[in-house]
Amino acid sequence: MQAIEAFLSGRIWIRQFIPFPQELVQQAIDQGNAIVVSGISADGQCARCLETSPDYVIPYTCATCRTICRYCRTCIKMGRISSCTELVVWRTPPTVNAGLRAFGWAGDLTPLQNSASKAISKSIREREDHLLYAVCGAGKTEILFSPIHEALQKGLRICIAAPRTDVILELSPRFKQAFPDATIHTLYGDSPEQSGYGEIILATTHQLYRFQEAFDLLFVDEADAFPYSLDPSLERGVKKAGKPSAPIIYISATPSKTLQKRITVHSTIFKRYHGAPLPVPVYRAMWNYERQIRKGNLPLPLKRWIEDKLQKQQPFLLFFPSIQLIDQVYPLLHKIDSRIESVHSKDPQRKEKVMKLREGMLAGLATSTILERGITIPHLQVAVIGSDHRVFDRAALIQIAGRVGRSAKDPTGDVVFFHNGINRQMDAARQEILFYNKEGRV
Amino acid sequence: MNCCLCDQALRFVPSWRGIFLYEAPELLCQHCRNEFSKITEQGCKFCGKEGEAICRDCHYWEEHGYRELIHSGKSLYRYNDAMKDWFHQYKFLKDVLLAQVFAKDMREALVNERAVVVPIPLNNEKLRERSFSQVDELLLAAGIPYRHLLEKYGETLGEKTRQERMATKRLFRLNGEKVPKQLVLVDDLYTTGTTMRQAAKTLQEAGAESIRILTLIRA
């Protein structure tokens, strides 16, 4: 396969940013291997992210083409696309490369994991969508390895999409180990350029805008927000990146009711891989916590809880509803113990701080909801401050509780909801965890 | 509609003013709007920089052959983090819509202006590449009429160091239009003042008598 074909195959790319000489691009177009499409279609749809809303596709007087042009604001961060932007789409389908492939994963699956894995393989063969509904700590990634290996041997092009970069970065080394002879590309916001034809693509959901009818098989991790996620364009992105017949495997610990209804084939795992039940959240009232913190007092129940964890030398996470509150509480926490740090989404040192907590160099972290998923720290204890705040919905609370007791050596731990009044989301989260534990016992 | 910077849903706040008078719809949420910082105190008489009555940069110009070119001037906003983000998204991600964000401020600053408003131009190659002129769009959004008098030579200041900028010889030529006696030069960002001083010099030589300047941002 030529380098330019390997790069462009399945992609939709701004012509001037294709990392190959323009003559080569022109040659591919002349030979009919690639076509040029307008960035914004005549009826006002962005060809890359499929945005149609006039709130996001904006007309303006363009000095480049000297007409009224439109540009798309939804995917503007990936390089602006306007009506006069030329996008190149590769047309010639790649040759299917079937055959035996190496498999570098030799772990054991629990019987539940095994049957889910088999069910997913069957869905892929029958080209039907599938929902893997498995609790936090069920070992979801391991379940996927065998179906992916089977698909790889058939020569399918595979995509694993997740909404957040952290998740993609964590998956990448595990996939490279499991599929040592496959070309794996890891794509996120500022990812380095990766050469060759990616057979397995690990990408943030946003990066899928840059693909078109590329994949024979897609996995959507953390699909709980689907289909009514905050950003409906992401779902369009997934659909567009796959071939029309490509099955989509949705993976979630907290799928919405709509998704559960829409996808008819399910496999469920309500038990963690180590078999112990999920830690159940405990409610503890902490009235007017915001005011107390604002006045410079750490609320007593929280103080006692932290002191208890410090004494037992257990690492802990404190989830706060806003960055503002974290900034206010940080000096108060620092006074108790200087090994308590804070992180939030805009913190450039976020990865290092989580590392330090894992290695025991930090006692605890005050965090916003960014750490609600994807992190595993042995012996971790968790408190949610203001669990009645609207940022903590059912799914978020279940995810937060799911951080605790993930290792087989210490499958228990504290999950405390410090609240200013119990609300439905808290109850829904707690009920659901109790339900999992009941189902998982059978 | 969502906030055009953070994409959070905008909350509609009714007001008596809004009922009786037409007000352009707000594009920003209150939070994003508050992040911008207006220059309020009286600063440098030429560029509006806070602090001394004549800032260091303007002092340099006055000493080095650009004396009595600019009558007075001001800038509207500080170049803080929010403004840097806005500027990047507007000028380099080419989000033309963001010109509207400061339409009201630009309008207030220029609506009663009797002198001719003259935007600082881009060179043609740059204009074709960017697809819009960022200064013109600010004025268009504000509904302020303007007239181009200048053309820019090939060079851009963007990649230059401070010393290189201030030593640049000639940036502008006249475009052939008649130069009026009184005018206001408008630009988006004031960094060292090279652009403004050069433009003013070219226009003064062509017969302008009173030149004032207005920039959206003072770095």
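Which strands of chain B does helix α9 lie across? In this predicted model, helix α9 of chain B, residues 194–205, lies across β5 and β6 of chain B. Its direction is at about 160° to β5(B).

## The chain B sheet

Four strands make up an open sheet in chain B, in the order β1-β6-β5-β2. The pairing is parallel. Its edge strands are β1 (72–78) and β2 (116–119), and each of these pairs on one side only. From one strand to the next, the twist averages 20°.

Strands β5 and β6 of chain B cover residues 182–190 and 210–218. They pair in the parallel sense over 8 bridges. One residue pair can be named here: V186(B) has L214(B) in β6(B) as its bridge partner.

## Crossed helices in chain B

Helix α5 of chain B spans residues 103–110, and helix α7 of chain B spans residues 134–142. Their axes come within 8 Å and cross at roughly 80°. Angles of 65 to 115 degrees count as roughly perpendicular, so α5(B) and α7(B) are roughly perpendicular to each other.

Four residues of α5(B) take part in the contact: A103(B), M106(B), R107(B) and L110(B). On the α7(B) side they meet L138(B), L139(B), A141(B) and A142(B).

## L138(B) in α7

L138(B) sits in helix α7 of chain B. Is L138(B) buried or exposed? Its relative accessible area is 1%, and under 20% counts as buried, so L138(B) is buried.

Setting aside residues up to four places away in sequence, L138(B) touches W86(B), Y90(B), A99(B), M106(B), D188(B) and L216(B). Among these, M106(B) belongs to α5(B). N34(B) is 104 residues from L138(B) in sequence. In space, their C-alpha atoms are 20 Å apart.

## The chain A sheet

In chain A, 6 strands form an open sheet with parallel pairing. The order is β13-β18-β17-β14-β16-β15. At the edges are β13 (282–285) and β15 (340–343), each pairing on one side only. The twist averages 20° from one strand to the next.

Edge strand β13(A) is joined by 4 bridges to β18 of chain A, residues 415–419. These two strands run parallel. V282(A) has V416(A) in β18(A) as its bridge partner. Helix α10 of chain A, residues 323–336, lies across β14 (316–319), β15 and β16 (364–367). The helix runs at about 170° to β15(A).

## A kinked helix in chain A

Helix α5 of chain A has 14 residues, from 165 to 178. From first C-alpha to last it reaches 20 Å, close to the 20 Å expected at 1.5 Å a residue. Where does α5(A) kink? The kink lies at S172(A), shortly before the proline P173(A), and is about 25°.

S172(A) is also buried. The other buried residues of α5(A) are V167(A), I168(A), L171(A), F175(A) and A178(A). The buried residues of this helix pack against α4 (140–153), β7 (158–162), β8 (184–187) and β9 (200–204) of chain A.

## N114(A) in α3

N114(A) lies in helix α3 of chain A, residues 111–125. Its relative accessibility is 32%, so N114(A) counts as partly exposed. I143(A) is 29 residues away along the chain, yet the C-alpha atoms of N114(A) and I143(A) are separated by 7.0 Å.

Technical notes:
Residues are numbered from 1 along each chain as its sequence is written. Chains are lettered from A and ligands numbered from 1 in the order in which they are written. This is a predicted model: local features need pLDDT of at least 70, side-chain atom pairs count only at pLDDT 80 or more; totals for chains, interfaces and linings use all residues. Side-chain values use heavy atoms; hydrogens and water are left out. The expected span of a helix is 1.5 Å times one less than its number of residues. The bend at a residue is the angle between axes fitted to the seven residues ending there and the seven starting there. Buried means under 20% relative accessible area, exposed over 50%, partly exposed in between (1.4 Å probe, protein chains only). Contact means heavy atoms within 4.5 Å. Two strands pair if DSSP finds at least two bridges between them. Axes are lines fitted to C-alpha atoms, for helices over the stretch in contact, and angles run from 0 to 180 degrees between N-to-C directions. Angles under 35 degrees count as roughly parallel, over 145 as roughly antiparallel, 65 to 115 as roughly perpendicular and the rest as oblique.
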